[in-house]
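Work through the exercises below with the sequence and the coordinates open. Each task is followed by a solution in steps.

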Amino acid sequence: MGIDSSRTAFERTRRSLGGGVSSGLRAAMRPVPLFVERARGAHLWDLDGDRYLDYVMAWGPLVHGHSHPRVVDSVARVMTSMQVVGMGHRLEYEAAEAVLASVPGAERLVWTNTGTEAVQVALRFARAATGRHRIVKLTKAYHGWHDSVYASMGPDNTDEAAVPASLGQSPNAYADLIISQFNDIDGIAALLDRAEERRIAAVLIDPIMSNAGVRAPAPGFLETLRSLCDRHGVVLIFDEVITGFRIARGGAAERFGVRPDLSVFGKAIAGGFTQSAVVGRADIIDLVEHGLAHAGTFNGNPVALSRRSPTC
């Protein structure tokens with residue numbers, strides 16, 4: 001298949017867009033990043049008209065494929081009446097009710113826009129709920145590009161101290177991270193045995209290491225982690241931006257039978273639109289009514305939520 005037009009487009013894009021891509025991972029495509037003209041169902045077409053079978057599906061959001069008629073119809077109907085309104089609307093609660101009905105143990109949620117944002121919201125909730133500030137994060141686990149969690153991404157990053165993953169990160173931003181290893185329950189237990197002393201607010205975990213070789217949790221790992229967090233008053237957070245609504249309708253909580261205190265959902269939650277949510281215990285989420293700030297112009301916007309509404 002030809003890539004002549006993609007090569008030309010990439011060369012042109014690099015003159016106006018830093019790196020020639022809008023997200024860094026896209027630059028890894030060889031020989032050049034693919035530039036797409038259209039997509040439908042399981043296929044997409046590049047600028048030369050060549051058709052590809054899309055195994056990537058926009059890195060996870062498109063569980064129904066490209067341009068699914070029901071998604072397109074739902075969004076089109078909302079677009080004719082409103083886009084962003086900056087006020088409440090019925091789609092907020094209709095979509096929230098649909099999510100809570102799907103996720104085992106979910107009692108309340110807040111809307112936000114991307115997985116990166118939602119992780120930061122979840123960490124704020126955990127710190128507010130516990131009065132502590134440090135976070136246990138696992139080596140190679142990706143929780144978004146924010147400085148506070150984008151650290152220790154290499155396989156050799158085995159120390160407790162976080163290692164920055166990018167140029168330009170302030171060492172103060174990731175100072176609250178404590179690094180441990182996936183499936184190393186003894187190591188995490190040793191950390192949590194001093195949770196109060198070390199001011200540990202939360203364990204943030206990708207329940208399946210989706211960006212590190214798709215590693216499943218060892219038998220008993222999540223269950224033991226749940227018990228340890230309960231024992232030490234630590235908030236357990238599942239980052240389900242990738243696993244949510246994909247490995248099961250109710251995500252990892254349904255698949256593995258372990259209920260976290262908070263879950264972060266993105267990607268598949270909105271069928272190709274920018275939407276995410278922090279879902280979990282009502283007593284934690286309701287801190288938004290008691291001094292915890294949560295804001296965002298595009299939070300709960302009608303276009304993204306139309307995909308989840310039973311009446312759209």
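## Exercise 1: Strand pairing

Strands β2 and β3 (residues 51-53) run antiparallel to each other and pair over 3 bridges. The model is a predicted one.

Task: Find the bridge partner of Trp-45 in β3, and the glycine with a positive phi in the hairpin of β2 and β3.

Solution.
1. Trp-45 has Arg-51 as its bridge partner in β3.
2. The hairpin of β2 and β3 leaves 4 residues between the strands.
3. In this hairpin, Gly-49 takes a positive phi near 90°.

Task: Describe how β1 and β2 pair, and what sits over the ring of Trp-45.

Solution.
1. β1 and β2 (residues 43-46) pair over 4 bridges, in the antiparallel sense.
2. One bridge partner to note is Asp-46 in β2, which faces Val-36 in the pairing.
3. The hairpin of β1 and β2 has 2 residues between the strands, and Gly-41 there takes a positive phi near 60°.
4. Over the ring of Trp-45 sits the charged end of Arg-38, 3.9 Å from the ring centre.

## Exercise 2: Aromatic pairs

Task: State how many aromatic pairs there are, and classify the pair of Phe-182 and Phe-221.

Solution.
1. The count is 3 aromatic pairs.
2. For Phe-182 and Phe-221 the centre-to-centre distance is 5.4 Å and the angle between the planes is 65°.
3. Planes over 60 degrees apart count as edge-to-face, and the pair of Phe-182 and Phe-221 is edge-to-face.
4. Phe-182 lies in the loop between β6 (177-180) and α5 (185-192), while Phe-221 belongs to helix α6 (residues 221-232).
5. The two residues are 39 apart, and the pair links distant parts of the chain.
6. Both Phe-182 and Phe-221 are buried.

Task: Classify the pair of Phe-245 and Phe-265, and decide whether each residue is buried or exposed.

Solution.
1. The ring centres of Phe-245 and Phe-265 are 5.1 Å apart, and their planes stand at 50°, so the pair is tilted.
2. Phe-245 is in the loop between β8 (235-240) and α7 (251-256), and Phe-265 is in strand β9 (residues 262-265); the pair therefore ties together parts 20 residues apart in sequence.
3. The limit for buried is under 20% relative accessible area.
4. Phe-245 has a relative accessible area of 15% and is buried.
5. Phe-265, with 0%, is buried too.

## Exercise 3: Salt bridges

Task: Trace the salt bridges of Arg-226 and name the network that contains them.

Solution.
1. The structure has 12 salt bridges.
2. Arg-226 and Asp-230 meet in a salt bridge, at 2.8 Å from N to O.
3. Both residues are in helix α6, 4 residues apart, or about one turn of the helix.
4. Arg-226 is buried, with a relative accessible area of 12%, whereas Asp-230 is exposed at 52% relative accessibility.
5. Arg-226 also forms a salt bridge with Asp-261, where the closest N and O atoms are 2.9 Å apart.
6. Since Arg-226 lies in helix α6 and Asp-261 in the loop between α7 and β9, this pair ties together parts 35 residues apart in sequence.
7. Asp-261 is buried, with a relative accessible area of 5%.
8. A network of salt bridges links Arg-226, Asp-230, Asp-261, Arg-281 and Asp-283.

Task: What does the salt bridge of Arg-108 and Asp-286 tie together?

Solution.
1. The side chains of Arg-108 and Asp-286 meet at 2.8 Å, N to O.
2. Arg-108 lies in strand β4 (residues 108-112) and Asp-286 in the loop between α8 (282-285) and α9 (302-305), so the pair ties together parts that are 178 residues apart in sequence.
3. Arg-108 counts as partly exposed because its relative accessibility is 34%.

## Exercise 4: A surface patch and a buried serine

Task: Which residues make the nonpolar surface patch, and where does Leu-25 lie?

Solution.
1. The patch covers about 590 Å² and is made by Leu-25, Leu-53, Tyr-55, Val-56 and Trp-59.
2. Leu-25 lies in the loop between α1 (4-13) and β1 (36-40).
3. The relative accessibility of Leu-25 is 54%, so Leu-25 counts as exposed.

Task: Place Ser-6 and give its C-alpha distance to Val-32.

Solution.
1. Ser-6 is in helix α1.
2. Ser-6 is buried, with a relative accessible area of 0%.
3. Ser-6 and Val-32 are 26 residues apart in sequence, and their C-alpha atoms are 7.2 Å apart in space.

Key. Residues are numbered from 1 along each chain as its sequence is written. This is a predicted model: local features need pLDDT of at least 70, side-chain atom pairs count only at pLDDT 80 or more; totals for chains, interfaces and linings use all residues. Side-chain values use heavy atoms; hydrogens and water are left out. Patches are made of residues with over 30% relative accessible area and no salt bridge: like charges are joined within 9 Å, nonpolar side chains (Val, Leu, Ile, Met, Phe, Trp, Tyr) within 5 Å. Accessible areas come from the Shrake-Rupley method with a 1.4 Å probe; for residues, only the protein chains shown count as cover. A salt bridge is a side-chain nitrogen of Lys or Arg within 4 Å of a carboxyl oxygen of Asp or Glu. Buried means under 20% relative accessible area, exposed over 50%, partly exposed in between (1.4 Å probe, protein chains only). Rings of Phe, Tyr and Trp (its six-membered ring) pair if their centres lie within 6.5 Å; planes under 30 degrees apart count as stacked, over 60 as edge-to-face and the rest as tilted. A charge sits over a ring if NZ of Lys or CZ of Arg is within 6 Å of the ring centre and within 35 degrees of the ring normal. Two strands pair if DSSP finds at least two bridges between them.
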